Amino acid sequence: MGWLSKIFKGSSHSITEGHSHRNYGEDPHCYAPSTSGENEDIDRAIALSLLEENRKGENVIDKESQVEVSWIDKESQVEEDEQLARAIQESLNLESPPRQGTAHTHQHFPVIQFPEGYRICAGCNNEIGHGRFLNCLDVFWHPECFRCHACHQPITDIEFSTSENRPYHKSCYREHYHPKCDVCKHFIPSNHGGLIEYRAHPFWVQKYCPSHEHDGTPRCCSCERMEPQDTAYVALDDGRKLCLECLDSAIMDTNECQPLYLDIQEFYESIHMKLEQQIPLLLVERQALNEARDGEKNGYYHMPETRGLCLSEEQTVTTILRRPRFGSGNQAMNIITEPYKLTRRCDVTAILILYGLPRLLTGTILAHEMMHGWMRLQGFRTLSPDVEEGICQVIAHWWLISQLKSSKKVTSTSSSSAAGTSKKGTGPKFDKKLGEFFKHQIETDASPVYGDGFRAGQHAVQKYGLGRTLDHIRMTGRFPY
């Protein structure tokens, strides 16, 4: 099925202003003492503390993302900082004149000029003067210029996140980059290692929590999608779940499938492979299909579920005579079936298709099984599974491409389908997408029989043409290379 498991890493940092966490302080390179008459000893102690703090660095590790962020003073500034501190210390020894009208005194300090361009704000590109500043992401910022790239509001939290070296509030980063589950609509939780792990469908690019694979969340038997939890599904009587979009074009009984059967017969004639015998086509339930498979002596079946069979043995098969009605809870009910006795008039007694699948998937399976029937009617020898299933997949792939390229709506059948096959579906847009998915399934099948067989057959047909490839298979039992 090709489901993917992905790991998502975030990025988080701590913010440093000056040399402390989120405490707005004055520029450590431009210290201004108290003007309210505090003791000179306190001012000296602050200056010495500033010098000691300038020599320290700070390392912060975000546990969630395991990204280490270091806010350290550059070694090239240490000597200059020491000289600055000494100048401040010397200035503390100067006497200040008494202040008019109060008993308190303040001290006068010489103005220390910074070189032009000493600190440039990364936000506004202006010089940072004597005031507060931030040292984040290896550059300096005015506090009001350090803004979230998403909401453009200043970041005032102690911690922030980054993406492509752009700062974000942690909440904004989570909203923009933390993946949400397409099933439960919640943020996908981190695993025990602190990493965000989720499942992703290789075609639909649907992300969901790994827990949904085991908590009973239904998956459509046709498109394989897990829909949101509040989305309705149709429950078929054999336990399969069908999403409402696939239900729109689903073929539910044998009579409804006959116009599609005629369309595919015309396709076979267009590639000069007309079926000389009329092979009965029956839509059946899963149980009847499995019982018929067990009654066959030969054949290779695509596990885990068989959805079509070309039979050669005489047996009695239960076929669906009339499409089911859907009652409360979208549960299929009142299916009318009848036994059908298969009589061996040729090497093929019937083609069976699982009911309840969309038209394009039903047609792809039918085109595949009809190729089995054509080769048996043409007297082909018993082939190895990869050759027989591979060439059948090539024809099914051809038919599907012809439908996708057709100017007709893929939700309609031929003009003879007015007897009951008009579709009320969501329109050709989803049906085309669904057809692309079935095409993708054939092309990326990893099984050695169906997948490798298809790719070998496709290569042979592209190189030698269909007619020469079939002739070579008839003579040698192998694909030409």
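This short presentation covers model confidence, one sheet and the helices of a predicted structure.

Good morning, colleagues. I begin with confidence, since we are working from a predicted model. The chain has a mean pLDDT of 75, and 68% of its residues reach 70 or more. Two stretches call for caution. Over residues 88-114 the pLDDT stays under 50, and the model gives this stretch 37 contacts beyond four places in sequence. Residues 409-426 also have pLDDT below 50, with 30 contacts in the model beyond near neighbours in sequence. Where pLDDT is low, the predicted coordinates should not be read in detail.

Let me turn to the sheet. Three strands form an open sheet in the order β14-β20-β15, and the pairing is mixed. At the edges are β14, residues 281-284, and β15, residues 308-311, each of which pairs on one side only. From one strand to the next, the twist averages 20°. In what sense do β14 and β20 pair? They run parallel, joined over four bridges, with β20 covering residues 350-354. Within this pairing, Leu-283 has Ile-353 of β20 as its bridge partner. A helix accompanies the sheet: α6, residues 286-295, lies across β14, β15 and β20, and runs at about 40° to β15.

I now move to the helices further along the chain. Helix α7, residues 359-377, packs with helix α9, residues 428-444, at an angle of about 35°, and their axes are 9 Å apart. Which residues meet there? From α7 come Leu-360, Leu-361 and Thr-364, while α9 contributes Asp-431, Gly-435, Phe-438 and Ile-442. By character, this contact comprises four nonpolar residues, two polar and one charged.

Helix α10 is my final subject. It has 15 residues, 450-464, and at 1.5 Å a residue it should span 21 Å; the C-alpha atoms at its ends are 21 Å apart, so the expected and modelled values agree. Buried residues of α10 include the glycines Gly-451, Gly-453 and Gly-457. Tyr-450, Phe-454, Ala-456, Gln-458, Ala-460 and Val-461 of this helix are buried as well. What covers these buried residues of α10? The cover includes α7 and α9, the pair described a moment ago, together with α8, residues 385-405, and α11, residues 466-476. Just after α10 comes Gly-465, which adopts a positive phi of about 90°.

To close, I return to the point on confidence: the stretches 88-114 and 409-426 have pLDDT below 50 in this predicted model. Thank you for your attention.

Technical notes: Residues are numbered from 1 along each chain as its sequence is written. This is a predicted model: local features need pLDDT of at least 70, side-chain atom pairs count only at pLDDT 80 or more; totals for chains, interfaces and linings use all residues. Side-chain values use heavy atoms; hydrogens and water are left out. pLDDT is the predictor's confidence in each residue, from 0 to 100. Contact means heavy atoms within 4.5 Å. Two strands pair if DSSP finds at least two bridges between them. Helices (H or I, at least four residues) and strands (E, at least two) are DSSP runs, numbered from the N terminus. Axes are lines fitted to C-alpha atoms, for helices over the stretch in contact, and angles run from 0 to 180 degrees between N-to-C directions. Ala, Val, Leu, Ile, Met, Phe, Trp, Tyr, Cys and Pro count as nonpolar, Asp, Glu, Lys and Arg as charged, and the others, Gly among them, as polar. The expected span of a helix is 1.5 Å times one less than its number of residues. Buried means under 20% relative accessible area, exposed over 50%, partly exposed in between (1.4 Å probe, protein chains only).
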